[in-house]
Structures are given as C-alpha cells and as structure tokens.
Amino acid sequence: MRTKFRTSRMPSGTRLSREFYQRDVLAVAQDLIGKSMIIRLPDMSYGNFPVNEVEAYRGSEDKACHAFRGRTRRTEIMYHEGGMLYVYLIYGMYWMLNVVTGKKDNPQAVLLRGVGNHHGPGKITRSFGIDSSFYGEDLTTSERIWFEDKGFKPEIKTGLRIGIDYAGEYWKTRPWRYFI
DNA sequence: TCAGTGATTAGG
DNA sequence: CTAATCACTGAG
C-alpha cells in the first residue's frame with residue numbers, strides 16, 4: 001500500500017492472498033462468500049461490503065464459461081493466475097465484475113452477484129463505477145479494490161447459475177451459484 | 001413479458 | 001465487412 005492512500009479510514013483486515021485465488025474456482029467461489037469487498041469510493045474513503053452471492057465459471061470445459069470458446073482478447077485475463085479482475089460489458093449497458101481464479105492457463109472466474117445491500121451483477125458495478133478500467137486489476141496490490149477476511153463465516157446455500165440456458169443440460173444444472 | 005444497448009465474436 | 005449473441009435490468 002502506497003503511503004499516498006493510507007488514511008485513518010483505511011479498513012484494517014487481512015487482504016486475501018494470491019494463494020487464496022489460485023485454488024480451484026469452486027473452492028474460491030464458496031470461500032468468497034462472507035469475505036469483504038473493500039472498494040475506494042469517490043470521496044477517497046473505503047467501503048466494506050460483505051460478499052453474499054457469487055457464481056463459478058469453470059474453465060474451457062464449461063459451456064457457460066466465456067473461455068469455452070477459447071482464448072480471445074476479452075477472455076485473455078482468465079488465463080492469468082488467479083487474483084485479477086475480469087470485467088466485461090453485457091447488453092451494451094452492464095459491466096460484469098468477475099474474480100479470476102486458479103492456476104495460470106486454467107481459465108476460471110467467479111461472478112459477483114451480490115455485495116452488501118447491492119443485489120445484481122449489473123447493479124454492483126453501476127453503484128461503484130466499475131467499468132473496463134478495472135479489467136486486469138490485481139486484487140493483491142490494487143489500491144482501489146480488494147477482498148479481506150474479517151472472520152465472517154456464514155452458512156452457504158447453493159443454486160443453479162442464472163442466465164445460461166444456452167449451455168446445455170449438463171452445464172446449466174451445475175449448482176455453482178453460492179449465496180447466503 | 002420484453003425492449004434497450006453496444007462490445008465482442010464468428011464467419012465471409 | 002455483416003449479423004448474431006449476450007453470466008442483465010427495469011418498466012408495464
């Protein structure tokens with residue numbers, strides 16, 4: 001953390017490490033539930049929002065994962081080692097915020113669907129002004145967004161991933177949505 | 001139930 | 001270049 005942004009309002013906690021994100025996406029997705037998303041707000045203070053809903057997208061095998069169609073400029077960041085952000089625009093209006101997980105060249109990501117009182121992937125990014133400038137952001141070094149463990153261990157429920165009817169019977173029935 | 005909205009992608 | 005698609009949202 002550069003001194004520049006160290007203020008009295010900086011939250012104290014344990015920033016999640018590279019190792020946390022480098023695990024398989026199903027483990028990371030579940031473990032992200034209850035962790036805190038720390039984000040720098042317009043007034044330069046930091047907001048703390050517990051993650052309450054996510055979905056896992058698991059590699060080139062997963063028909064619902066963007067990496068299913070291979071490496072493209074958009075999906076390139078998913079091939080990086082875990083701990084980066086994958087941000088993309090959908091329907092011309094909504095930025096989707098994803099956390100890249102797994103080892104290098106194993107394209108996986110966790111979609112954030114709910115943090116704090118913000119429910120809905122497009123609403124999260126709209127609320128915090130997250131856009132393409134966050135693409136490739138490194139969560140282990142960023143000064144404007146990262147995740148912390150504050151010791152909150154909620155009970156986790158599972159469900160089907162939303163909006164992937166095109167993915168075929170097997171992939172659309174994986175219970176890879178996790179929520180509180 | 002359905003329109004809005006534009007980047008991304010595959011294909012010619 | 002064209003056209004289809006889309007991990008969504010809000011209005012009616």
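# Salt bridges, DNA contacts and two local sites

At 22% relative accessibility, Arg144 counts as partly exposed. Its salt-bridge partner is Glu137, with N and O 3.1 Å apart. Glu137, in contrast to Arg144, is buried, and its relative accessible area is 16%. The model described here is a predicted one.

## Salt bridges

Over the whole structure, 13 salt bridges are found. Three of them are set out below, each with the distance between N and O atoms.

| Acidic residue | Basic residue | N to O distance |
|---|---|---|
| Asp138 | Arg18 | 2.7 Å |
| Glu137 | Arg144 | 3.1 Å |
| Asp105 | Arg71 | 3.4 Å |

In the Asp138 and Arg18 bridge, the closest N and O atoms are 2.7 Å apart. Asp138 lies in the loop between helix 3 and strand 8 (145-149), and Arg18 lies in helix 1 (residues 18-21), so this pair ties together parts that are 120 residues apart in sequence. Both ends of the bridge fall under the 20% cut-off for burial. Asp138 is buried because its relative accessible area is 18%, and Arg18 is buried with a value of 15%.

The side chains of Asp105 and Arg71 form another salt bridge, at 3.4 Å from N to O. Asp105 sits in the loop between strand 5 and strand 6, while Arg71 sits in the loop between strand 3 (46-58) and strand 4; the pair therefore ties together parts that are 34 residues apart in sequence. Asp105 has a relative accessibility of 42% and counts as partly exposed. Arg71 is also partly exposed, at 47%. These two residues belong to a network of salt bridges that links Arg71, Glu76, Lys104 and Asp105.

## DNA strand C

DNA strand C is surrounded by 20 residues, of which His66, Asn98, Gly122, Arg126 and Tyr166 are the closest. Of the strand C atoms that come within 4 Å of the protein, 55% are accounted for by sugar and phosphate.

Individual polar contacts reach both phosphate and base. A polar atom in the side chain of Tyr166 is 2.8 Å from a phosphate oxygen of DNA strand C. Pro121 contributes a polar backbone atom, located 3.1 Å from a phosphate oxygen of this strand. On the base side, an N or O atom in the side chain of Tyr88 is 3.3 Å from a base nitrogen of DNA strand C. Strand 4, strand 5, strand 6 (108-115) and helix 3 (121-128) are the elements that each give two or more residues to the surface near DNA strand C. Helix 3 supplies the largest share of that surface, with four residues.

## DNA strand B

The residues around DNA strand B are Arg69, Thr72, Arg74, Leu89, Tyr91, Gly92, Met93 and Tyr94. Sugar or phosphate makes up 65% of the strand B atoms within 4 Å of the protein, and bases make up the rest.

A polar side-chain atom of Thr72 is placed 2.3 Å from a phosphate oxygen of DNA strand B. Tyr91 and Gly92 approach base atoms through their backbones. For Tyr91, a backbone N or O atom is 2.4 Å from a base oxygen of DNA strand B. For Gly92, a backbone N or O atom is 3.4 Å from a base nitrogen of DNA strand B.

Tyr91 lies in the loop between strand 4 (85-90) and strand 5 (94-100). With a relative accessibility of 71%, Tyr91 counts as exposed, because exposed means over 50% with protein chains only as cover. Together with Met93 and Tyr94, Tyr91 forms a nonpolar surface patch of about 410 Å² accessible area. Tyr91, Met93 and Tyr94 are also among the residues that surround DNA strand B.

## Ser36 and Arg15

Ser36 belongs to strand 2 (residues 36-40). Its relative accessibility is 5%, so Ser36 counts as buried. The side chains of Ser36 and Asn48 make a polar contact of 2.9 Å. Leaving aside residues up to four places away in sequence, Ser36 touches Asn48, Phe49, Pro50, Trp146, Phe147, Glu148 and Lys150.

Arg15 is part of strand 1 (residues 14-15). Arg15 counts as partly exposed, at 22% relative accessibility. A polar atom of its side chain lies 2.9 Å from the backbone oxygen of Ser142. From Arg15 to Asp165 the C-alpha to C-alpha separation is 35 Å, and the two residues are 150 residues apart in sequence.

Notes: Residues are numbered from 1 along each chain as its sequence is written. Chains are lettered from A and ligands numbered from 1 in the order in which they are written. This is a predicted model: local features need pLDDT of at least 70, side-chain atom pairs count only at pLDDT 80 or more; totals for chains, interfaces and linings use all residues. Side-chain values use heavy atoms; hydrogens and water are left out. Buried means under 20% relative accessible area, exposed over 50%, partly exposed in between (1.4 Å probe, protein chains only). A polar contact is a pair of N or O atoms within 3.5 Å; within protein, one must be able to donate a hydrogen and the other to accept it, and residues adjacent in sequence count only if both atoms are side-chain atoms. Contact means heavy atoms within 4.5 Å. Patches are made of residues with over 30% relative accessible area and no salt bridge: like charges are joined within 9 Å, nonpolar side chains (Val, Leu, Ile, Met, Phe, Trp, Tyr) within 5 Å. Accessible areas come from the Shrake-Rupley method with a 1.4 Å probe; for residues, only the protein chains shown count as cover. A salt bridge is a side-chain nitrogen of Lys or Arg within 4 Å of a carboxyl oxygen of Asp or Glu. A residue is near a molecule or strand if one of its heavy atoms lies within 4 Å of it.
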